[in-house]
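Work through the exercises below with the coordinates open. Each task is followed by a stepwise solution.

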Amino acid sequence: MEKYIDTDLCKECGGVCCQQNGCIFLPQDFEKMTFNYLKNEIDKGYISIAGQPFNGFYENGWSFLLYLRARNCDAPIVDLITSGGPCSLLTETGCKLDEEHRPTLGLLVKPTKIGGPCEKMFPQEALMSWINYNDVLCQLIKHYTKKDVVDIIIEQTKEKSRSINNKRALRIELKAMEEHLYYYLSIMNNNPYYTSQEAKRMLSPKYYSWKPKNN
Ligand code: SF4
Ligand code: SF4
């Protein structure tokens, strides 16, 4: 798989993208996609179960795509509606993970501009390939929280909305991810929810069968 590394540029930049959010893994980053294997990886402490709403598969619906990302500082294990970074793996000398173990979607961002945004060299279908493994991530969420995915989404959305409103009232600058939350909310408030399995049945396989080259 092609990797995009420019240590000098990223050093000069100081890891602005890593300060905004931990980067996202792909299923191909894990040896196995079983409950026990992934639980063991998550329990190492630097991975969160994350995700984002998506629509477009059906004109009046939205669903929630679950995936794994590098855990942000102070973020919970199940961090579905994230406030963003900094990534817990970011140090003064760069990423704690070597290139072999770094999340693939991070390696598929081409360093192009100090301060970013840098060029994403992957299609949306790469992220959507996680839909094939959302069942096992749902089971892991249940294990860690004793709750269903949709309940966590509602709970964390309400919590983040409250914290954003408080920040706005106090004129505290919002993080980039917090600004983005408004986009999420408009999708979620105006359309019915479908589980990821229901959404998958409505999607053409071309939207979720992407694999990195040489994989
Ligand atoms: S924002 Fe771009 S230049 Fe800066 S650290 Fe990230 S990839 Fe490198
Ligand atoms: S995993 Fe490494 S490269 Fe990715 S956001 Fe964290 S510190 Fe940056």
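Two residues are in contact when heavy atoms of theirs lie within 4.5 Å. The model used here is predicted.

**Exercise 1. Leaving aside neighbours within four places in sequence, find the residues in contact with phenylalanine 30.**

Step 1. Apply the contact cut-off and drop the neighbours within four places in sequence; Phe25, Tyr37, Leu38, Glu41, Ile47, Leu68 and Trp130 are in contact with phenylalanine 30.

Step 2. Check burial, for which the cut-off is under 20% relative accessible area. Phenylalanine 30 has 8% relative accessibility and therefore counts as buried. Phenylalanine 25, at 3%, also counts as buried.

Step 3. Place phenylalanine 30 in the core. The largest nonpolar core has 48 residues, and Phe30 is among those with the most contacts inside it, along with Leu38, Ile49, Leu68, Leu80 and Trp130. At least two residues of this core come from each of H3, S1, S2, helix H5 (124-128), H6, H7 and helix H8 (176-190).

**Exercise 2. Describe the aromatic pair of phenylalanine 25 and phenylalanine 30.**

Step 1. A pair of aromatic rings is described by the distance of the centres and the angle of the planes.

Step 2. The structure holds three aromatic pairs. In the pair of phenylalanine 25 and phenylalanine 30, the centres are 5.2 Å apart and the planes make an angle of 50°, a tilted arrangement.

Step 3. Extend from the pair to the cluster: Phe25, Phe30 and Trp130 form one aromatic cluster.

**Exercise 3. Test the length of helix H6 (residues 134-145) and locate its buried residues.**

Step 1. H6 has 12 residues, so at 1.5 Å a residue the expected span is 16 Å; the end C-alpha atoms are 16 Å apart, which agrees.

Step 2. Asn134, Val136, Leu137, Leu140 and Ile141 are the buried residues of H6. Their arc around the axis is only 155°, so they lie on the same side of H6.

Step 3. These buried residues pack against helix H3 (35-42), strand S1 (47-55), strand S2 (62-70), helix H7 (149-169) and helix H9 (196-202).

Step 4. Look just past the end of H6: lysine 146 has a positive phi of about 65°.

**Exercise 4. Compare the radius of gyration of the protein with that of a compact globule.**

Step 1. For 215 residues, a compact globule would have a radius of gyration near 17 Å.

Step 2. The protein has 17 Å, which agrees. Its C-alpha trace spans about 50 × 45 × 35 Å along the principal axes.

Step 3. Add the burial and contact totals. Of the 215 residues, 42% count as buried. Among contacts with a separation of 6 or more, 69% join residues 24 or more positions apart.

How values were computed
Residues are numbered from 1 along each chain as its sequence is written. Chains are lettered from A and ligands numbered from 1 in the order in which they are written. This is a predicted model: local features need pLDDT of at least 70, side-chain atom pairs count only at pLDDT 80 or more; totals for chains, interfaces and linings use all residues. Side-chain values use heavy atoms; hydrogens and water are left out. Helices (H or I, at least four residues) and strands (E, at least two) are DSSP runs, numbered from the N terminus. The expected span of a helix is 1.5 Å times one less than its number of residues. Buried means under 20% relative accessible area, exposed over 50%, partly exposed in between (1.4 Å probe, protein chains only). The arc is that of the directions from the helix axis to the C-beta atoms. Rings of Phe, Tyr and Trp (its six-membered ring) pair if their centres lie within 6.5 Å; planes under 30 degrees apart count as stacked, over 60 as edge-to-face and the rest as tilted. A nonpolar core is a set of buried Ala, Val, Leu, Ile, Met, Phe, Trp, Tyr and Cys residues joined through side-chain atoms within 4.5 Å. The radius of gyration is taken over C-alpha atoms; the globule rule is 2.2 Å times the number of residues to the power 0.38.
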